[in-house]
Amino acid sequence: MSGLNLFHSREAIRVKVKKCEGLLAPEYRRFSVDPQITSFEVLQSLLARAFDIKGEFSISYFARDEEGKDTYLSLLSDWDLDAAFLGSSDPCLQLKVDLKPFEEGLEDWDVVAPIDVTRSSNTGFLLDRSSITGTILNHILRKALCVHTICTCLKLALPTGFL
């Protein structure tokens with residue numbers, strides 16, 4: 001169950017989902033959820049059944065950042081789902097499901113050594129979203145955007161001069 005569900009005023013939220021799997025054509029599904037009773041785990045289960053997914057997958061939702069640029073933010077928890085319901089579900093919540101491909105040649109036990117990381121002659125190690133540092137920074141920025149969205153919603157819901 002969503003942690004911030006007391007702020008959800010709508011009984012149902014329409015959801016559009018796009019499933020991406022490598023070079024295959026994307027698949028689409030539409031359905032509605034009740035934000036009062038839909039948890040992240042329930043949403044994962046719904047998506048797995050809707051697309052008949054047997055393996056692991058990631059979920060992200062469409063949002064606009066402070067500069068108005070379109071982006072997809074990861075859904076990793078009930079907290080993220082609440083932020084998506086509050087800030088990105090009007091008129092509908094747009095989700096993207098990415099299947100996690102199995103990489104040929106890599107086993108669960110393989111360790112990537114620093115020598116395997118690409119070096120740039122000018123900037124040292126390259127920072128990208130696949131690196132642990134890039135992933136952590138990206139996650140922190142997404143959380144900050146969610147906090148900003150919730151604060152904005154609270155300011156709109158509270159009487160003038162309250163904050």
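**Close-up views of strand β3 and residue V15**

**View A. Strand β3 sits largely enclosed by the rest of the structure.** Of the 8 residues in this strand (residues 57-64), 6 are buried, so the rest of the structure largely encloses β3. Please keep in mind as you look around that this is a predicted model.

**View B. Strand β3 pairs with strand β5 in the antiparallel sense.** Here β5 covers residues 93-99, and 5 bridges join β5 to β3. To find your place in this pairing, start at S58, whose bridge partner in β5 is D98.

**View C. Strand β3 also pairs with strand β4, again in the antiparallel sense.** This pairing runs over 6 bridges, with β4 made up of residues 70-75. A handy landmark is Y61, which has L73 as its bridge partner in β4.

**View D. G68 takes a positive phi in the hairpin of β3 and β4.** There are 5 residues between the two strands of this hairpin. If you check the backbone at G68, you will find phi near 85 degrees.

**View E. V15 is a buried residue of strand β1.** Strand β1 spans residues 13-20. The relative accessible area of V15 is 2%, and buried means under 20%, so V15 counts as buried. Leaving aside residues up to four places away in sequence, V15 touches R29, R30, F31, V33, L93 and L95. For one of these, L93, the C-alpha atom lies 4.7 Å from that of V15, although the two residues are 78 residues apart along the chain.

Technical notes. Residues are numbered from 1 along each chain as its sequence is written. This is a predicted model: local features need pLDDT of at least 70, side-chain atom pairs count only at pLDDT 80 or more; totals for chains, interfaces and linings use all residues. Side-chain values use heavy atoms; hydrogens and water are left out. Buried means under 20% relative accessible area, exposed over 50%, partly exposed in between (1.4 Å probe, protein chains only). Helices (H or I, at least four residues) and strands (E, at least two) are DSSP runs, numbered from the N terminus. Two strands pair if DSSP finds at least two bridges between them. Contact means heavy atoms within 4.5 Å.
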